[in-house]
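This report introduces a protein structure to a reader who has not met it before. The sequence and the model are shown first.

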Amino acid sequence: MTLTITPTKLKGIVTPPPSKSQAHRLLIGAALAEGESVIRNVSRSQDMDATLRCLTELGAEFETVDTGNVAGIQGETLRIIGMGANTMSPNRRMALPHLDCGESGSTLRFLIPIALAVRGGGIFTGRGRLMERPQKPYFDLFDQKGIFYEQKDGVLTVQGRLLPGEYGLRGDVSSQFFTGLLLALPLLDGPSAIIPATQLESEGYIHMTLQAMGRFGVEMPTTMSLPPQYHPQGNQTYTPAEVTVEADWSQAGFWYAARFLENDVEIEGLDPDSVQGDSVIDFQFEEMGLELGDVGTLELDVSGCPDLVPPLAAMAALRAGETTRLVNAARLRLKESDRLASVTAVLNVLGADVEEGEDILIIHGKENLEGGVTVDAWGDHRIAMMTAIAATRCKKSVTLTGAECVNKSYPDFWKEYERLGGQVEEVTA
């Protein structure tokens, strides 16, 4: 889908969609439990559908419940009949499941250990860049534990018995590997330990995982060292629960960027006490300054909040006369696009001044962007949304190709953008 975006000010109240990161974890907890759980406020994005599809293949059942209009609830309410995962589960004797993870990195990395624990492995496929994204932390562990894996022609097969014991992981690659093990190891028949080999990045996502597990009755003793160590006890069972998914601080970042770019947008529905790591956007917004150029050169460490880089870059591009450095950002090269490259390319085509380094973006702010160009979304939902927000401060219209990629995480983004006054017109061939 190709859209032409005419620069205009956005105005109104917006509630970010339900948290994709939290929903992944809650759905998995419900799927592993024995009995019926209810998860409210689930946004049926492509990533959510990937997780639901895979959990169904593993043995859970889902149905949508019609609850009518409930205040504060944007997404669907799902009733989940869990698979009753435990050390004696008959599912372990079934054939390897075929798990289509779409483009969802969370789905793939969370479910690799879970599939080993409940089914003895799985055959994983995906789309886009997903199967190119590194799984080496798992592969290193599998080599140590004697678990078979093969990655060939876009298909990853893992097979073997996940055993309790010590699991060492680098903390500076992705917290998703920790989450997968944290969710799976309590199902085994003995105690384990997860030992970070380096300082943890994106630790907020691990806190989100521990919170979700606790809601389904699974305990996770933690050694409060630096970095912390996790000690999942074995023979635990997930118990059913009724929970509501919070609004998403990651997606809120784009509406914070809209406010920073002098759009009259009010954001509501966010939990100020959330453990979501991307809630740091509230502090970063203040650091950027409520008015352009009043802070000076600013350096933000984004190692713990890589998904916020596109909206932060849009803000920084319009900090007139000031320089912003987004540092410790190397992991962005392994997202849906190489986001250091795509953020730089798109903003510079719009008229910004962005320098790309190995693990850094250096952004020299301007008063406005020129626009009047065609840019591609790089198949990346966050690049598409960044472009839409930056277009509000362009002098001329912007044509965006591949705009449908927002369906990965925020299917209603364009609807919300237009509701707030954004002018968008689809270009037909």
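The sections below go from the whole chain to selected helices and then to single residues.

## Overall form

The model is a predicted one. Its protein chain contains 12 helices and 22 strands. The radius of gyration is 22 Å, close to the 22 Å that the globule rule gives for 429 residues, so the chain is as compact as a globular protein of that length. Along the principal axes, the C-alpha atoms fill a box of roughly 65 × 45 × 40 Å.

Among the contacts with a separation of 6 or more, 78% join residues that are 24 or more positions apart. Of the 429 residues, 58% count as buried.

## Surface and charge

The protein chain exposes about 16300 Å², and carbon and sulfur atoms supply 46% of that area. Its side chains include 36 positive and 58 negative ones. The centres of these two sets lie 3 Å apart.

## Helices α9 and α10

Helix α9 spans residues 309–317, and 9 of its 9 residues are buried, so this helix is largely enclosed by the rest of the structure. The buried residues of α9 are Val 309, Pro 310, Pro 311, Leu 312, Ala 313, Ala 314, Met 315, Ala 316 and Ala 317.

Helix α10 covers residues 339–350. From its first C-alpha to its last, this helix of 12 residues reaches 16 Å, close to the 16 Å expected at 1.5 Å a residue. Helix α10 is mostly covered, with 9 of its 12 residues buried. Those buried residues are Arg 339, Leu 340, Ala 341, Ser 342, Val 343, Thr 344, Val 346, Leu 347 and Leu 350. Their cover includes the helices α9 and α11 (381–390), together with the strands β18 (353–356), β19 (360–364), β20 (373–376) and β21 (398–401). After α10 comes Gly 351, which has a positive phi near 120°.

## A residue on strand β20

Thr 374 lies in strand β20, one of the elements that cover the buried residues of α10. Thr 374 itself counts as exposed, at 52% relative accessibility. Leaving aside neighbours within four places in sequence, Thr 374 is in contact with Val 349, Thr 399 and Thr 401. Thr 374 and Thr 399 are 25 residues apart along the chain, yet their C-alpha atoms are separated by 4.5 Å.

## Buried residues in a helix and in loops

Thr 179 belongs to helix α5, which runs over residues 175–184. The relative accessible area of Thr 179 is 0%, and the residue is buried. Beyond its neighbours within four places in sequence, Thr 179 is in contact with Arg 25, Phe 110, Tyr 205 and Thr 209.

Gln 276 sits in the loop between β15 (264–267) and α8 (281–288). This loop residue is also buried, with a relative accessible area of 3%. When neighbours within four places in sequence are left aside, Gln 276 is in contact with Ser 19, Met 208, Glu 246, Ala 247, Asp 248, Trp 249 and Ser 250.

Leu 188 is found in the loop between α5 and β11 (193–196), and at 2% relative accessibility it counts as buried. The contacts of Leu 188, outside its neighbours within four places in sequence, are Thr 87, Ala 117, Leu 162, Leu 163, Pro 164, Gly 234 and Asn 235. Of these partners, Pro 164 is 24 residues from Leu 188 in sequence and 6.1 Å from it in space, C-alpha to C-alpha.

## Two asparagines with positive phi

Most residues other than glycine have a negative phi. Asn 235, a contact of Leu 188, has a positive phi of about 60° although it is not a glycine. Asn 235 lies in the loop between β13 (229–230) and β14 (242–244). At 51% relative accessibility, Asn 235 counts as exposed, whereas its partner Leu 188 counts as buried.

Asn 328 likewise has a positive phi, near 60°, and is a residue other than glycine. Its place is in the loop between β17 (323–327) and α10. Asn 328 counts as partly exposed, at 38% relative accessibility.

Key
Residues numbered from 1 in each chain as written. Predicted model: local features only at pLDDT ≥ 70, side-chain atom pairs only at ≥ 80, totals over all residues. Heavy atoms only, no water. Helix = DSSP H or I, 4+ residues; strand = E, 2+ residues; numbered from the N terminus. Rg over C-alpha atoms; globule rule 2.2 N^0.38 Å. Buried < 20%, exposed > 50% of the residue type's maximum accessible area, 1.4 Å probe, protein only. Contact = heavy atoms within 4.5 Å. Areas by Shrake-Rupley, 256 points an atom, 1.4 Å probe, with all protein chains shown as cover. Lys, Arg positive; Asp, Glu negative; His and termini not counted. Charge placed at Lys NZ, Arg CZ, Asp CG, Glu CD. Expected span 1.5 Å × (residues − 1).
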